[in-house]
Amino acid sequence: MRIRIVDAFTDRPFSGNPAGVLLLDAFPADDWLQNVALEVNHAETAFAHPLTGDPTADWALRWFTPAAEVALCGHATLATAHVLRTTGAHEGPVRFATRSGVLVASPQEDGSFVLDFPTAPLTAAEVPDGVAEALGALPLCAFDTGPNVGDLLLELPDEKTVRALAPDLRSLGAFSERGVIATARAEDPSQGYDYVSRCFFPNIGIDEDPVTGSAHTALAPFWSERLGRPALTGLQASARSGAVRTEARGDRTLLGGRAVTVIDGELLVG
């Protein structure tokens, strides 16, 4: 079967967030899916198969990290929609049936996609004891992002602090289910982005995720409220880096971005 590696939330190879994508006839056993994700060894590998007779969705979609299945993943959804379009397997908007409900990916005239995702419910929380030491910076405030995202969102004083983080990942994993989102307002919005973030997910085998769509379902409402605009652009300041266009729409968040296929090969073990 064909396996593709797609860089998502970027228009350039070797940047953004890479995801494995496999289009199947049906989902094999969970241990096979997990083993393939471990072999691919990117933040997520997406597995999808077409649905027939389902009036609500066109494809079933699941996401696995090298260590676990996850409930929501933005970049691997974007990567899958890109593969469906570029291979001719699906035309127009595609509806994915997932553990987080039906997610829609709509192609745009410029070659990008807009993903319609559930907004993460933000709940203000006390900054946990010890998190500043684990992160290497003192947060201004903290928010729980709910069960689908499973992160602790921490606002930091400025962009330079976010970019300079070198956290103690072993300690950082104790503060939430998946990990920590560190964010700050952009120092210079004229550079084309409104806020920056970095995401550390040691609990699911990802020390630092390059560009995290699911995290932006929390970042979008967080920064839209503070900046007074629904439509923003977030820059995830990882080593690979990538931009996510966000629009907060109440209980839904739109995530926009492009993707590039960098590897198209054959999986020999079925």
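**Strand β3, helix α1 and the salt bridges around them**

In this predicted model, residue T45 of strand β3 is the bridge partner of G20. That pairing is a good place to begin, since the chain crosses from β2 through α1 to β3 in a β-α-β crossover that is right-handed. Strands β2 and β3 run parallel to each other, and five bridges hold the pairing. With β4, strand β3 pairs in the antiparallel sense, this time over six bridges. Within β4, the residue opposite A48 is L61. Six of the seven residues of β3 are buried, so this strand is largely enclosed by the rest of the structure.

Helix α1, the connecting element of the crossover, spans residues 30–40. Its buried residues are W32, L33, Q34, V36, A37 and V40. These residues pack against five strands, namely β1 (2–8), β2 (17–23), β3 (44–50), β4 (59–64) and β5 (69–70). After the helix comes N41, which has a positive phi, near 65°.

Helix α1 also has a part in the largest pocket, whose volume is about 200 Å³. The lining consists of I3, I5, W32, N35, V36, E39, V40, H42, I263, L267 and V269. Both β1 and α1 supply at least two residues each, and α1 gives the most, with five. W32, V36 and V40 thus appear twice in this account, as buried residues of α1 and as part of the pocket lining.

Turning to charged side chains, the whole structure contains 14 salt bridges. One of them joins R99 to E69, with the closest N and O atoms 3.8 Å apart. This pair links distant parts of the chain: R99 sits in the loop between β6 (94–98) and β7 (101–107), E69 belongs to strand β5, and 30 residues separate them. R99 counts as exposed because its relative accessibility is 52%, and exposed means over 50%. E69, at 24% relative accessibility, counts as partly exposed. Both residues take part in a network of salt bridges that also includes D30 and R62. D30 lies in the residue range of α1 and R62 in that of β4, which ties the network back to the elements described above.

Two further salt bridges can be set side by side. In the pair formed by E159 and R163, the N to O distance is 2.8 Å. Both residues lie in helix α4 (residues 159–163), four residues apart, about one turn of the helix. E159 is buried, with a relative accessible area of 6%, whereas R163 is partly exposed at 41%.

The side chains of R198 and E208 also meet in a salt bridge, again at 2.8 Å from N to O. Here the pair links distant parts of the chain, with R198 in strand β13 (residues 195–201) and E208 in strand β14 (residues 206–209), ten residues apart. In this pair the arginine R198 counts as buried, at 8% relative accessibility, while E208 is partly exposed, with a relative accessible area of 28%.

Note on methods:
Residues are numbered from 1 along each chain as its sequence is written. This is a predicted model: local features need pLDDT of at least 70, side-chain atom pairs count only at pLDDT 80 or more; totals for chains, interfaces and linings use all residues. Side-chain values use heavy atoms; hydrogens and water are left out. Buried means under 20% relative accessible area, exposed over 50%, partly exposed in between (1.4 Å probe, protein chains only). Contact means heavy atoms within 4.5 Å. Two strands pair if DSSP finds at least two bridges between them. A crossover is right-handed if, with the strands pointing away from the viewer, the path from the first strand over the helix to the second runs clockwise. A salt bridge is a side-chain nitrogen of Lys or Arg within 4 Å of a carboxyl oxygen of Asp or Glu. On a 1 Å grid over the protein atoms alone, a cavity is a set of points where a 1.4 Å probe fits but cannot get out, and a pocket is an open set with protein on both sides within 12 Å along at least five of seven lines; lining residues have an atom within 4 Å of a point. Grid points are joined across faces, edges and corners, and a volume is the space filled by probe spheres set on the points.
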